[in-house]
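Visitor: Please take a close look at one part of this model for me. I would like the salt bridges, and then the setting around them.

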Amino acid sequence: MTKNITTTNTSRRHFIVGSSAIATGLAIGFDFSFISSANAAMGTGTASMAPLATPEIGVWVVVKPNDDIVVRIVRSEMGQGTITGLAQMVAEELQCDWKTVTYEYPSPAESLKRKQAWGSYSTGGSRGIRTSEQYVRKGGAAARIMLVQAAANQWNVPASECVAKNSVITHTPSGRKTTFGKVSVAASQLDVPKEITLKDPKEWTLIGKSVNRIDGTADKVTGKQVYAIDLKMPGMLVATIQESPVFEELRRY
Amino acid sequence: MADLNVNGKKYKVDVDPETPLLWVIRDHVGLTGTKYGCGVGQCGACTVLFDGQAIRSCMIPVSAAEGKKIETIESLEKNGQLSKVQKAWVDNQVPQCGYCQSGMVMATTALLRNTPKPTDAQIDAAVTNICRCGTFQQVRDAIHAVSKA
């Protein structure tokens, strides 16, 4: 296959300088809209990076008017179920219906625009969940507090008289009910609360439970999942090491 | 130049006859569901069917694939319906990272066509693919689930 290799005039130095220019380009918000890199890394295999969903209730949760929940995830999925685990943590505090939960991946450019609102994107060393569980749970709890407040405002009752469960908000004294979706736009206008009390782990009903993954298992059994090796970009060239065909001890340079 | 029959479609590819079938499928035919793993026929990530037999496409020169009926992972889903094996894989939540699973599914598909109710020993003998996530038990459970359905 040697004859297929085209030799070009790119010196090693030229290659490295060129590569770092590309890397810098990414860091200042290179337009990634034409490829699926992030989605590929995250497991959806979809073709483009859509703008973030709305309306968002704080930075971690989106509640659509039809009650669908979108949880923002910024850690990569490498098979351990990190996406699903993090979504469970947010959903636990949000008190939403787990069956309606999907996720989306805010691009690194979006993160920079928002002063790194989602914290670290780094994923490795079994730290994807461990180092973000506190703040993602708080993100879920904050969204719940905002949704409940929005419902209480509509009913003109104290929020303390309302409870949220399975994406439904109930005013306990009167029995009035509404859903997350119905108050989501109003909730999105409220300030994100600062004082947040998380659930006692004894009250958890979703965290720690083995649930089906939300990161696209079907794509992994149909060949549709895009891995790094499958990624194609316009005009992409492939650089590879040309190894010596002779297997021998190195005598000298 | 090689004439190939991949998933029922004919392809004419202009490659060195020694090129491994895997790279012709991925780079020339353009089907990337078949994965490159070890490149030496050990791991099975590149498993495709060759006249119904599971083979490791990284070890087959494209010249040997002419006139054969080649099936890849992309052929199993029909009209948006997963095959029985694929469905069992989803129901049993087999994949973790999923990189090896195209090969696992193809090896299992070949096994079940000839042996619809394999024993554990028959599974071990036929599905020798390697999974670094360690999904072997889930693979076995899913195969038994297909047999029972």
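Guide: Start inside chain A. A:Arg137 and A:Glu133 pair through their side chains in a salt bridge, with N to O at 2.7 Å. Both residues sit in helix α5 of chain A, which covers residues 133-155. They are 4 residues apart, about one turn of the helix. A:Arg137 has 6% relative accessibility, so it counts as buried. The cut-off behind that label is under 20%. Keep in mind that this is a predicted model.

Now compare a pair in chain B. B:Asp91 and B:Lys87 form a salt bridge, and their closest N and O atoms are 3.0 Å apart. The two lie in helix α2 of chain B, 4 residues apart, so about one helical turn separates them. B:Lys87 has 47% relative accessibility and therefore counts as partly exposed. Partly exposed is the range between the buried limit of 20% and the exposed limit of 50%.

Back to chain A, for a pair that spans two strands. A:Arg72 and A:Glu104 form a salt bridge, with the closest N and O atoms 2.5 Å apart. A:Arg72 belongs to strand β3 (residues 69-72) and A:Glu104 to strand β4 (residues 101-104), so this pair ties together parts of chain A that are 32 residues apart in sequence. Both A:Arg72 and A:Glu104 are buried. They also belong to a network of salt bridges. Its other members are A:Glu56, A:Glu110, A:Lys113 and A:Arg114. Over all chains, the count comes to 22 salt bridges.

Some of these bridges cross from one chain to the other. Between chain B and chain A the count is 3 salt bridges. One of them joins the side chains of B:Lys35 and A:Asp230, at 2.4 Å from N to O. Polar contacts add to the picture: 10 residue pairs between chain B and chain A are in polar contact, with both residues at pLDDT 80 or more. On the chain B side, three elements each give two or more residues to the surface that touches chain A: α1 (21-29), α2 (84-91) and α3 (101-114). By type, the chain B residues on that side divide into 11 nonpolar, 9 polar and 5 charged.

Next, the extent of the interface. Chain B brings 25 residues to the contact and chain A brings 19. The area buried between the two chains is about 1900 Å². Carbon and sulfur atoms give 55% of that area.

Last, chain B as a whole. Chain B has 5 helices and 5 strands. From the N terminus on, the order is β-β-α-β-β-β-α-α-α-α. A compact globule of 149 residues would have a radius of gyration near 15 Å, and chain B agrees, because its own value is 15 Å. Along the principal axes, the C-alpha atoms of chain B fill a box of roughly 45 × 30 × 25 Å. Of the 149 residues in chain B, 50% are buried. Sequence separation is the final item. Take the contacts in chain B between residues at least 6 apart in sequence: 55% of them join residues at least 24 apart.

Notes:
Residues numbered from 1 in each chain as written. Chains lettered and ligands numbered in written order. Predicted model: local features only at pLDDT ≥ 70, side-chain atom pairs only at ≥ 80, totals over all residues. Heavy atoms only, no water. Contact = heavy atoms within 4.5 Å. Buried area = accessible area lost by both parts, 1.4 Å probe. Salt bridge = Lys/Arg side-chain N within 4 Å of Asp/Glu carboxyl O. Polar contact = N/O pair within 3.5 Å; in protein donor to acceptor, adjacent residues only side chain to side chain. Nonpolar A, V, L, I, M, F, W, Y, C, P; charged D, E, K, R; others polar. Rg over C-alpha atoms; globule rule 2.2 N^0.38 Å. Buried < 20%, exposed > 50% of the residue type's maximum accessible area, 1.4 Å probe, protein only.
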